[in-house]
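Colleague: I should like to learn how to read the features of a protein model in an orderly way. May we proceed from the whole chain to single residues?

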Amino acid sequence: MKAADLPIYYNICEILEHNLEHRGDKIALFSENGSFTFREVSEQVNRVGNALIRSGVQFGECVAILCPDRPEWVSVFFATAKIGGVALGLNTLLKTDEYDYILKDARVKILVVHDSLKALVEPIIKKHNTLIKVIIITDNKSMKCTTFTDWIGGEKSELDSATTHREDFCSLHYSSGTTGVPKGVLHMHKDYPLIAQLSGVNLFGITENDRTFSVAKLFFVYGIGGNLIFPWYVGASCVLYAGPPRQAAAVLKAITTFKPTVFVSVPTIYSAILSLPNFYKRYDIRSLRMCISAGEPLPLQTWNTWRDTTEIEILDTIGCTETYHTFMANRPGEVRPGSSGKPIRGYDVRLVDDEGKDVQAGVVGNLMVRGESTALFYLHQSEKTRHSFRGEWLFTGDQYLQDKDGYYWHKGRVDDMLKVGGLWVSPIEIEEVLSGHDSVADCAVVGHYDNAGLLKPKAFVCLRNGVEPSDELFEQLVKLCAKTLDAHKRPRWLEFNNDLPRTSTGKLQRFKLREQ
C-alpha cells in the first residue's frame, strides 16, 4: 500500500466509520469505564466534534488531551481529526513545566484534562493566551467547571467530516524525551491507514477476530497504533487500560478479565511479569496468541524465559515517533531472538558511517530509514530537523549491525557509545552480560569519569523481587563481567538501584543516570 492508493481527500475517521455498515453493533472498545460499540463511539465522536466547533476550534488548530486511556480520550482524538484540527495526546507522566513548554510550543486552543491530572496544569493555564477553554473529565457532578459530560450533552450525534487532504496534518506527538527536551512531530491523515496496513495487517496479521491490549498508552504512537488504529482498521476490538503500566499484577489481571489475543508491551513489563512467582498459574493469559515488544531492545534472556514459560514468541520490533510506527521487526515464525528482525515492506533501511557512506554487513553503522509515513520536521526545532531529516532518509540515532542473514542487531544509541582507552564500547554489550545473571531484573551502563578525568563504564543494577544486595552478589557480577568482557569494557563501578529512570513508554533515560 502507498499513499497514492488513498483518495486525495481523506480523513482518518474513515478508520472508525467504515465499521458502521456491517459492525455497528460490535463492541469496539472495552474499558474499566464500560464497553462501547462502533456506533456508540462514532456518535460520541460526532458530539465532541460539534462541541469543538461550537467552542471555536478552526481548521488546523490544536486540541490537547491529558487523560488516562479512557473512552473520552478516543472520542476527542477522532473528533479533532474529523473537523480538520490537530489532536495532541499529552504524556500523563510529565511535570508542570513540561506541560507549560508543550502548550506554548503547540499553541493549544482547547485542553481536555482528566480530573486526576488537573492540578498539574492549573498553575500554568492562565499563561497561554491561545488556550480558550479547558474541559474537565470527571465523575464529580458538583465541580464548578465545564465538565466533559455537560460540554457535549446537548450536541447532535451527526457530523460530516471536514474535507481534509490526505497530506493535511491531523496529529501532533512529542517524543518521549530520552535525550532531554521533547520534540514535536506532526503526522498526516495518510500516515494512519499506511501504518495500519503495513504493520497491523501485513506484518502482525491482525484480523477482525482479534482483541488488542496495550500497556503502552495512547499518547505514545506505539500504543495508539497497536491498540486503536490497527484493530479498528480491520474491525477488531481493543481494550483500554487506564492503570499504571509498570504494575505487572494489574496488567495480568486485565488480560485475565478482558481476554485479549494480542499483547502490545515493552521489555520492562515482560521482565516485571516474569519476576512475579508463578504468574502463569495465578493469572489466565491463555487468550494471547501474539506478544509484541518495542521501545528498546528486548534482552535475550527475557525472550527465552517468556517463550519457555508461556510458549509464545515475543516479536521484538523497532519504530519511532518520526515514522509513526514499526519499520523493522521479527516476523511470526521467523524470530531471531535478541535482534530487531528485518525491515518490513514499505520501509528501507541503511547502515552508514559518520561520513554517510554505507557500511558492510558485520560492521556497526548508524541506522537510517525511509518510508511514506515518515514525518517532515520537528516543530520549531530547525537545527534538530536538519540533523535528523536528511532528504528521504531519517537519521534515527540508533547504531546497528546487520548479520549475514539480513537480521539487524541493536548496538546502542549514537550518544550512548563510550570511548574508553581510545576504544569504542557499547553499553548494550555490557548490559547483556549483567542481564544474564539470574538475580538481575534490569540494568543500565553509562559513562562515568574517574579521579583522573578518564571515562569508564558504570553499571546500575536492579535486582529481582526477593533478592537483596550483598557483597557476595556484587563479587559474582564483577567476576561475570571479568570472565566475559574485554578489560576496557568491564564496569569500574557497580551500583544497586531500586529502579532505573525511564520514560512512560519504558525507554531508558541514560542522560538522567549520567547527571547523577
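Modeller: The discussion below goes from the overall dimensions to sheets, loops and individual residues. Please keep in mind that this is a predicted model.

Colleague: How does one judge the overall form, and what radius of gyration does the protein chain have?

Modeller: The general idea is to compare the radius of gyration with the value for a compact globule of equal residue count. For 516 residues that rule gives a value near 24 Å, and the protein chain has 23 Å, so the two agree. Taken along the principal axes, the C-alpha atoms fill a box of roughly 70 × 55 × 45 Å. The secondary structure of the protein chain consists of 17 helices and 25 strands.

Colleague: Which figures describe the interior and the surface of the protein chain?

Modeller: For the interior, one looks at burial, which here means a relative accessible area under 20%. Of the 516 residues in the protein chain, 58% are buried. The accessible surface comes to about 22,100 Å², and carbon and sulfur atoms hold 48% of that surface. Contacts along the sequence add a further view: among those with a separation of 6 or more, 66% join residues 24 or more positions apart.

Colleague: Which domains does the assignment give?

Modeller: The domain assignment lists domain 1 (11-164) and domain 2 (426-514). Their centres, taken over C-alpha atoms, are separated by 42 Å.

Colleague: Let us turn to sheets. In what order do the strands of the open sheet with strands 23, 24 and 25 stand?

Modeller: One reads a sheet by strand order, by pairing sense and by its edges. Here three strands form an open sheet in the order 23-24-25, with mixed pairing. Strand 23 (440-449) and strand 25 (493-496) are the edge strands; each has a single partner strand, so one side of each has no neighbour in the sheet. On average, neighbouring strands of this sheet are turned by 25 degrees against each other, direction ignored.

Strand 23 pairs with strand 24 (residues 455-463) in the antiparallel sense over nine bridges. Within this pair, Val446 has Lys458 in strand 24 as its bridge partner. Helix 16 (residues 471-484) packs on the sheet and touches strand 23, strand 24 and strand 25; the directions of helix 16 and strand 25 make about 135 degrees.

Colleague: And how is a hairpin read? How many residues lie between strand 13 and strand 14?

Modeller: One identifies the paired strands, then examines the turn that links them. Strand 13 (residues 314-319) and strand 14 (residues 326-329) run antiparallel and are joined by three bridges. They form a hairpin with six residues between them, and Tyr324 in the turn has a positive phi of about 80 degrees. Ile318 stands opposite Met328 in strand 14. Strand 14 also pairs with strand 15 (residues 342-343), in the antiparallel sense over two bridges; there Ala329 stands opposite Lys342.

Colleague: Thr321 lies in the loop between strand 13 and strand 14. Is Thr321 buried or exposed?

Modeller: Thr321 has a relative accessible area of 8%, and is therefore classed as buried. Leaving aside neighbours within four places in sequence, Thr321 is in contact with His173, Ser175, Val185, His187 and Val221.

Colleague: Why does a positive phi attract attention?

Modeller: A positive phi stands out because most residues other than glycine have a negative phi. Two further cases occur in loops. Arg107, with phi near 55 degrees, is located between helix 5 (96-106) and strand 5 (108-114). Arg107 is exposed, since its relative accessible area is 53%, and the cut-off for that class is over 50%. Lys259 also has phi near 55 degrees and lies in the loop between helix 10 (248-258) and strand 11 (262-265). With a relative accessible area of 43%, Lys259 is partly exposed.

Colleague: Finally, which residues does Val251 touch?

Modeller: For a residue in a helix, one considers its burial together with its contacts from elsewhere in the sequence. Val251 lies in helix 10 and is buried, with a relative accessible area of 0%. Not counting residues up to four places away in sequence, Val251 touches Phe213, Val215, Tyr241, Pro245 and Phe263. The C-alpha atoms of Val251 and Ile269 are 8.9 Å apart, with 18 residues of separation along the chain.

Technical notes
Residues numbered from 1 in each chain as written. Predicted model: local features only at pLDDT ≥ 70, side-chain atom pairs only at ≥ 80, totals over all residues. Heavy atoms only, no water. Helix = DSSP H or I, 4+ residues; strand = E, 2+ residues; numbered from the N terminus. Buried < 20%, exposed > 50% of the residue type's maximum accessible area, 1.4 Å probe, protein only. Pairing = 2+ DSSP bridges. Domains from an automatic or database assignment. Axes fitted to C-alpha atoms, helices over the stretch in contact; angles between N-to-C directions. Contact = heavy atoms within 4.5 Å. Rg over C-alpha atoms; globule rule 2.2 N^0.38 Å. Areas by Shrake-Rupley, 256 points an atom, 1.4 Å probe, with all protein chains shown as cover.
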